[in-house]
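Q: I'd like to learn how to read a fold like this one, feature by feature. Can we go through it together?

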Amino acid sequence: MTLVYSTETGRITPNKPKEERPKGDGIVRIQRQTSGRKGKGVCVITGLDLSDTELKLLAAELKKRSGVGGSVKDGTIEIQGDNRELLQQILTQKGFKVKLAGG
């Protein structure tokens with residue numbers, strides 16, 4: 001039997017373990033997606049084995065160098081527009097092994 005509510009601290013929530021992102025195969029993939037975005041294309045970068053703060057810093061640099069917006073969601077970086085070749089060039093210069101995936 002577990003404690004659900006206490007008059008001293010209020011509602012008790014169980015400590016949930018932090019979800020681990022699946023480890024990639026060492027290859028960074030850049031994919032162009034338009035589904036669910038009203039026809040607007042974004043480049044989704046997956047396979048980066050970095051912490052959340054490192055992902056945000058890398059996303060900020062990619063957005064600045066490509067001159068567009070973007071975001072970090074669930075361990076992936078989304079960059080607006082179709083800049084796959086430029087993103088591939090930047091990530092290759094940083095030492096990542098990059099592949100263009102999808103259409």
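Q: Let's start inside. Which residues of the largest nonpolar core touch the most other members?

A: Bear in mind that this is a predicted model. The general idea first: in soluble globular proteins, nonpolar side chains tend to be buried together. Here the largest nonpolar core has 15 residues, and Ile-30, Ile-45, Leu-48, Leu-62, Ile-77, Leu-87 and Leu-91 touch the most other members.

Q: Which elements give two or more residues to this core?

A: Three strands and two helices do: E3 (27-33), E4 (42-46) and E6 (76-80), plus H1 (52-66) and H2 (84-93). H1 provides the largest share, four residues.

Q: Take one core residue, then. What does Ile-77 touch, apart from residues up to four places away in sequence?

A: Its list runs to Cys-43, Val-44, Ile-45, Leu-48, Leu-55, Leu-58, Ala-59, Leu-62, Ser-71 and Val-72.

Q: Now the sheet. In what order do the strands come, and how are they paired?

A: Read across the open sheet and you get E5-E6-E4-E3-E7, five strands with mixed pairing. At the edges sit E5 (70-73) and E7 (97-101), each of which pairs on one side only. From one strand to the next, the twist averages 20°.

Q: How do the neighbours of E6 pair with it, in the parallel or the antiparallel sense?

A: E4 and E6 are antiparallel, over four bridges, and E5 and E6 are also antiparallel, over four bridges. On the E4 side, Val-44 has Glu-78 as its bridge partner, while Val-42 has Gln-80. On the E5 side, Gly-70 stands opposite Ile-79. As a rule for reading such a strand, side chains alternate between the two faces of the sheet when the strand is regular.

Q: What joins E5 to E6?

A: A hairpin, with two residues between the strands. Look at Asp-74 in that turn: its phi is positive, about 50°.

Q: Where does H1 lie relative to the strands?

A: H1 lies across E4, E5 and E6, and runs at about 15° to E6. As for E6, four of its five residues are buried, so the strand is largely enclosed by the rest of the structure.

Q: On to charges. How many salt bridges does the structure hold?

A: Five. The general idea is that side chains of opposite charge can pair when their charged atoms come close. One of the five joins Arg-32 and Asp-82, at 3.5 Å from N to O. That pair links distant parts of the chain, with Arg-32 in strand E3 and Asp-82 in the loop between E6 and H2, 50 residues apart.

Q: Which other residue does Asp-82 meet in a salt bridge?

A: Arg-84, with N and O 3.6 Å apart. Shared partners join Arg-32, Asp-82 and Arg-84 into one network. For burial, the cut-off is under 20% relative accessible area. Arg-84 has 12%, so it counts as buried. Arg-32, at 32%, is partly exposed, and Asp-82, at 41%, is partly exposed too.

Q: What about Glu-78: which residue is its salt-bridge partner?

A: Lys-73, with the closest N and O atoms 3.8 Å apart. Glu-78 is buried, at 12% relative accessibility, whereas Lys-73 is partly exposed, at 44%.

Q: Let's look at a glycine. Where is Gly-41 found?

A: In the loop between E3 and E4. Gly-41 has a relative accessibility of 14%, so it counts as buried. Leaving aside neighbours within four places in sequence, it is in contact with Arg-32, Gln-33, Thr-34, Gln-80 and Gly-81. From Gly-41 to Ile-79 is 38 residues in sequence but 9.0 Å in space, C-alpha to C-alpha.

Q: One last residue: is Ser-66 buried or exposed?

A: Buried, at 16% relative accessibility. Ser-66 is found in helix H1, and a polar atom of its side chain lies 2.7 Å from the backbone oxygen of Leu-62. Beyond four places in sequence, Ser-66 is in contact with Ile-79, Asn-83 and Leu-86.

Conventions:
Residues numbered from 1 in each chain as written. Predicted model: local features only at pLDDT ≥ 70, side-chain atom pairs only at ≥ 80, totals over all residues. Heavy atoms only, no water. Core = buried A, V, L, I, M, F, W, Y, C linked by side-chain atoms within 4.5 Å. Buried < 20%, exposed > 50% of the residue type's maximum accessible area, 1.4 Å probe, protein only. Contact = heavy atoms within 4.5 Å. Salt bridge = Lys/Arg side-chain N within 4 Å of Asp/Glu carboxyl O. Pairing = 2+ DSSP bridges. Axes fitted to C-alpha atoms, helices over the stretch in contact; angles between N-to-C directions. Polar contact = N/O pair within 3.5 Å; in protein donor to acceptor, adjacent residues only side chain to side chain.
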